[in-house]
Amino acid sequence: MTKIVSHRGANKFAPENTFAAADLALEQGADYIELDVRESADGVLYVIHDETLDRTTNAKGPVGHMLSGAIDTLDAGSWFDEKFKGAKVPRLDVYLEHLRGRAGVYIELKYCDPAKVVALVRDLGMVRETFYFSFSEEMRRDLQMIAPEFRKMMTLNIAKSPSLVGAVHHASIIEITPEQMRRPGIIEASRKAGLDIMVYYGGDDIAVHREIASAGVDYINLDRPDLFEAARGDMNGVAA
């Protein structure tokens, strides 16, 4: 059965990359929580997507220019809805501890020291429950050097071919779009290359969710766990 990877948590219903978004995603049927990692000026790892604090907190400026003591005081919820006022920018260690034993975690390294992430995940005993990606070639290279055993994802757009995902990028999971999924042979070539397949779909068209559910892929990375859970239920003969 296709596993649900909730992109930044249930980000359409709660402020992204917060405890509230993660908890709601799990209530909506998510199997994995996707998160983004950046590092403060004094080297603390945080769960936040943007390079700056501007969009999702009540502060401005780059995450990497602010000390952890200041980041810990920020409001990361009011921008989304006043009922989430006071939500914190989670520290990565606390966020992972919150999810341990409840969900798998897809960790995207935005910009941070990969060695710190690796040490934390190993200390928490969460290597098997996690997989990794970064758009930064530096982050990917360093992660592979430090933790060759960690599961890694690579997009078809970067790899150019399913056959290169493992050989060149040391990944065991390929991410494709619904459009790429529909191309003749892509799923078969990915399977032949020994890859797990993840489809990224950020939309809310229930027909597309059903199409992905019926394609037999391993994961879907999405913004609406509730819709895919309904589609997945339809596939299993359960009333949605």
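Which residues line the largest cavity? The legends below start there and then move on to the pockets, the packed helices and one loop residue. Please keep in mind that this is a predicted model.

**Figure 1. A close-up of the largest cavity, with a volume of about 70 Å³.**
Glu16, Asn17, Thr18, Val47, Ile48, His49, Thr56, Ala76, Trp79 and Val89 form the lining of the largest cavity. Try sorting these residues by class: you should arrive at five nonpolar, four polar and one charged. If you go looking for further cavities, note that the structure holds one cavity of 30 Å³ or more.

**Figure 2. A close-up of the largest pocket, with a volume of about 270 Å³.**
Here 20 residues make up the lining, and Phe135, Thr155, Glu175, Tyr200 and Asn221 are the ones that lie nearest the centre of the pocket. Several elements each supply at least two lining residues: strand 2 (32–39), strand 4 (104–111), strand 6 (153–155), helix 6 (156–159) and strand 7 (173–176). Which element gives the largest share of this lining? The answer is strand 4, with three residues. By class, the lining of the largest pocket has seven nonpolar, seven polar and six charged residues.

**Figure 3. A close-up of the second largest pocket, with a volume of about 220 Å³.**
The lining of the second largest pocket is made of 14 residues, and Glu137, Arg140, Arg141, His169 and His170 lie nearest the centre. Strand 5 (130–133), helix 5 and strand 6 each give two or more residues to this lining. Helix 5 gives the most, with five residues. Sorted by class, the lining of the second largest pocket comes to six nonpolar, four polar and four charged residues.

**Figure 4. A close-up of helix 1 (residues 19–27) packed against helix 3, with the axes 11 Å apart.**
A word of help before the three helix views: two packed helices are described by the angle between their axes and the distance between the axes. For helix 1 and helix 3, the angle is about 20°. This makes helix 1 roughly parallel to helix 3, since angles under 35 degrees count as roughly parallel. The crossing of these two helices is right-handed. On the helix 1 side you can find Phe19, Ala22, Asp23 and Leu26, which meet Val94, Tyr95, His98 and Leu99 of helix 3. The residues of this contact divide into six nonpolar, one polar and one charged.

**Figure 5. A close-up of helix 3 (residues 92–99) and helix 4, whose axes come within 11 Å.**
Helix 3 appears again, now with helix 4 as its partner, and the two axes cross at roughly 30°. Helix 3 and helix 4 are therefore roughly parallel to each other. Their crossing is right-handed. Look for Leu92, Asp93, Leu96 and Glu97 in helix 3, which meet Val117, Leu120, Val121 and Leu124 in helix 4. This contact has six nonpolar, no polar and two charged residues.

**Figure 6. A close-up of helix 4 (residues 114–124) and helix 5 (residues 137–146), whose axes come within 9 Å.**
Are helix 4 and helix 5 oblique or parallel to each other? Their axes cross at roughly 45°. That makes helix 4 oblique to helix 5. The crossing is right-handed. From helix 4, Pro114, Ala115, Val118 and Arg122 take part in the contact, meeting Met139, Asp142, Leu143 and Ile146 from helix 5. Sorting the residues of this contact gives six nonpolar, no polar and two charged. Helix 5 may look familiar from Figure 3, where it gives five residues to the lining of the second largest pocket.

**Figure 7. A close-up of aspartate 218, in the loop between helix 10 (206–214) and strand 9 (219–222).**
What does aspartate 218 touch, not counting residues up to four places away in sequence? Its contacts are Met1, Thr2, Lys3, Arg191, Leu195, Asp196 and Ile197. To place this view within the whole model, find tyrosine 46 as well: it is 172 residues apart from aspartate 218 along the chain, and 28 Å separates their C-alpha atoms.

Terms used
Residues numbered from 1 in each chain as written. Predicted model: local features only at pLDDT ≥ 70, side-chain atom pairs only at ≥ 80, totals over all residues. Heavy atoms only, no water. Axes fitted to C-alpha atoms, helices over the stretch in contact; angles between N-to-C directions. Helix = DSSP H or I, 4+ residues; strand = E, 2+ residues; numbered from the N terminus. Parallel < 35°, antiparallel > 145°, perpendicular 65-115°, else oblique. Left-handed = near helix turned anticlockwise from the far one by under 90°. Contact = heavy atoms within 4.5 Å. Nonpolar A, V, L, I, M, F, W, Y, C, P; charged D, E, K, R; others polar. 1 Å grid on protein atoms, 1.4 Å probe; cavity = no way out; pocket = protein on both sides within 12 Å on 5 of 7 lines; lining within 4 Å. Points joined across faces, edges and corners; volume = space filled by probe spheres on them.
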